[in-house]
Amino acid sequence: MRISYRMIQKARLINPLLPYMLPQCRNLQDAKQELIWLEKHFKNQNIQLAKAVIERFKGKPLQYILKNQPFGEDLTINCRPNVLIPRWETDEFCHFINTKIFQNYQSQDINKKINIVDLCSGSGCISLSIKESNTMFNVFGVDISDSCINLANENKKINSLEDVEFIKGDILNPDLKLLNKLIASSAEKKIDMIISNPPYILHSFLPYLNTSVKKYEPSLALFGNLEFYENFVKIWSKYCDSFFYELGEIEQFEYINSNLDPKVWAVLKWSDSNDKIRGVYGYRKHSQIAKMFDTCK
Ligand SMILES: C[S@@+](CC[C@H](N)C(=O)[O-])C[C@H]1O[C@@H](n2cnc3c(N)ncnc32)[C@H](O)[C@@H]1O
């Protein structure tokens, strides 16, 4: 959508920097809000503020300029190029897991320590949000990228969270050492829940992606088709009692739904607050952890 001359004029009258925020923000209200955040961040630093506005004009994501993003109940997630910026829909599904599934941990009298594995952990936002709400749980995050592991450890530190371990590994080809480490803390040698926001944007979608995402965010974090869902069915489902995977395409839900044995697994869809299907989750019907899903059926 092109921006009207009238909107640019209106913005200039409010603040001479405001028109430069419009190409990324697309409307006056969002542009004003972003400028307020930048002004707050660069208080009394007019040259840095002007530079930041120009960077934003050229498409740099706000989180890479401000260097962080709020997430979960009260987390600050540091953000850097080479690591995906946490998205609102991921925050929403973490809230769903924390409030609709894990809240039943106490009431259902599940007498064991839960272990959670966050595959494709990136900045660590999912692992840290689970840990923030469930301090008793053991949480591991796994990612293939050194930049992600370093940033996730930094985020763990700045949020003063302990007992969360970030491990470098290729989840499409997990070695025995990694698998053994992830199941070692559980008496049943099982992961209670695997949570993942894998790369799921189809390559054919590339021309339609926002230029700022294409230019600044790592393609390793973005593009995938069915491979991470096939990998879950073929490998990771054998090691876990429940799972939650974020997704972008209904085919990714259908792949999991039609390839897990319905006698063993219950599989459900999760929709975000815009009613868009954004996740697939499920549990082994005869596992102890199945009780936690009672309020989701
Ligand atoms: C969509 S991002 C999710 C990051 C983070 N969990 C979040 O929600 O913001 C996907 C992540 O998968 C990682 N990744 C891609 N291929 C991988 C692989 N084969 N094994 C492990 N991690 C992988 C990327 O480095 C990236 O951090």
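Reader: Which residues does serine 121 touch, not counting those up to four places away in sequence?

Author: Bear in mind that this is a predicted model: local features need pLDDT of at least 70, side-chain atom pairs count only at pLDDT 80 or more, and totals for chains, interfaces and linings use all residues. Numbering starts from 1 along each chain as its sequence is written, and side-chain values use heavy atoms, with hydrogens and water left out. Contact here means heavy atoms within 4.5 Å. With that cut-off, serine 121 touches Ser127, Gly141, Val142, Asp143 and Phe166.

Reader: Where does serine 121 sit, and is it buried or exposed?

Author: Serine 121 is in the loop between β3 and α8; these labels are DSSP runs numbered from the N terminus, with helices (H or I) of at least four residues and strands (E) of at least two. Buried means under 20% relative accessible area and exposed over 50%, with partly exposed in between (1.4 Å probe, protein chains only). Serine 121 has a relative accessible area of 5%, so the loop residue counts as buried.

Reader: What about asparagine 115: which backbone oxygen does its side chain reach?

Author: Asparagine 115 is in strand β3, residues 115–119, and it counts as buried because its relative accessibility is 1%. Leu182 is among the residues it touches, along with Asn138 and Lys190. A polar contact is a pair of N or O atoms within 3.5 Å; within protein, one must be able to donate a hydrogen and the other to accept it, and residues adjacent in sequence count only if both atoms are side-chain atoms. At 3.2 Å, the side chain of asparagine 115 reaches the backbone oxygen of leucine 182.

Reader: In what order do the strands of the open sheet run?

Author: Two strands pair if DSSP finds at least two bridges between them. Seven strands make up this open sheet, and the pairing is mixed. β5 and β8 (265–271) are the edge strands, each pairing on one side only. The order is β5-β4-β3-β6-β7-β9-β8.

Reader: Which residue in β7 is the bridge partner of isoleucine 195?

Author: β6 runs parallel to β3, joined by four bridges, and isoleucine 116 stands opposite methionine 193 there. β6 also runs parallel to β7, with three bridges between them. Met193 and Ile195 point one way from β6 while Ile194 and Ser196 point the other, and all are buried. On the β7 side, the partner of isoleucine 195 is phenylalanine 244.

Reader: And which residue in β9 stands opposite phenylalanine 244?

Author: β7 (residues 242–246) and β9 (residues 277–284) pair in the antiparallel sense over five bridges. One of the pairs puts serine 242 with tyrosine 283. Opposite phenylalanine 244 stands tyrosine 281.

Reader: Which residue in the turn of the β8–β9 hairpin has a positive phi?

Author: β8 and β9 pair in the antiparallel sense over seven bridges, with alanine 266 opposite tyrosine 283. β9 is mostly covered, as seven of its eight residues are buried. Five residues lie between the two strands of the hairpin, and the one with a phi of about 65 degrees is aspartate 275.

Reader: At what angle does helix α14 run to β8?

Author: Axes are lines fitted to C-alpha atoms, for helices over the stretch in contact, and angles run from 0 to 180 degrees between N-to-C directions. Helix α6 (residues 88–101) lies across β6, β7, β8 and β9, at about 160 degrees to β7. Helix α14 (residues 250–259) lies across β7, β8 and β9, and its angle to β8 is about 165 degrees.

Reader: Which residues of α9 are buried?

Author: Just ahead of the helix, a side-chain oxygen of serine 145 comes to within 3.3 Å of the backbone nitrogen of serine 147. What covers the buried residues of α9 includes β2 (75–78), α8 (125–133), β4 (138–143) and β5 (164–168). Those buried residues are Cys148, Ile149, Leu151, Ala152 and Asn155.

Reader: Which residues come nearest to the ligand?

Author: A residue is near a molecule if one of its heavy atoms lies within 4 Å of it. Ligand oxygen atoms are 2.7 Å from a side-chain N or O atom of aspartate 143 and 2.8 Å from a polar side-chain atom of asparagine 197. A ligand nitrogen lies 2.8 Å from a polar side-chain atom of aspartate 170. Of the 22 residues around the ligand, the nearest are Cys120, Asp143, Asp170, Ile171 and Asn197.
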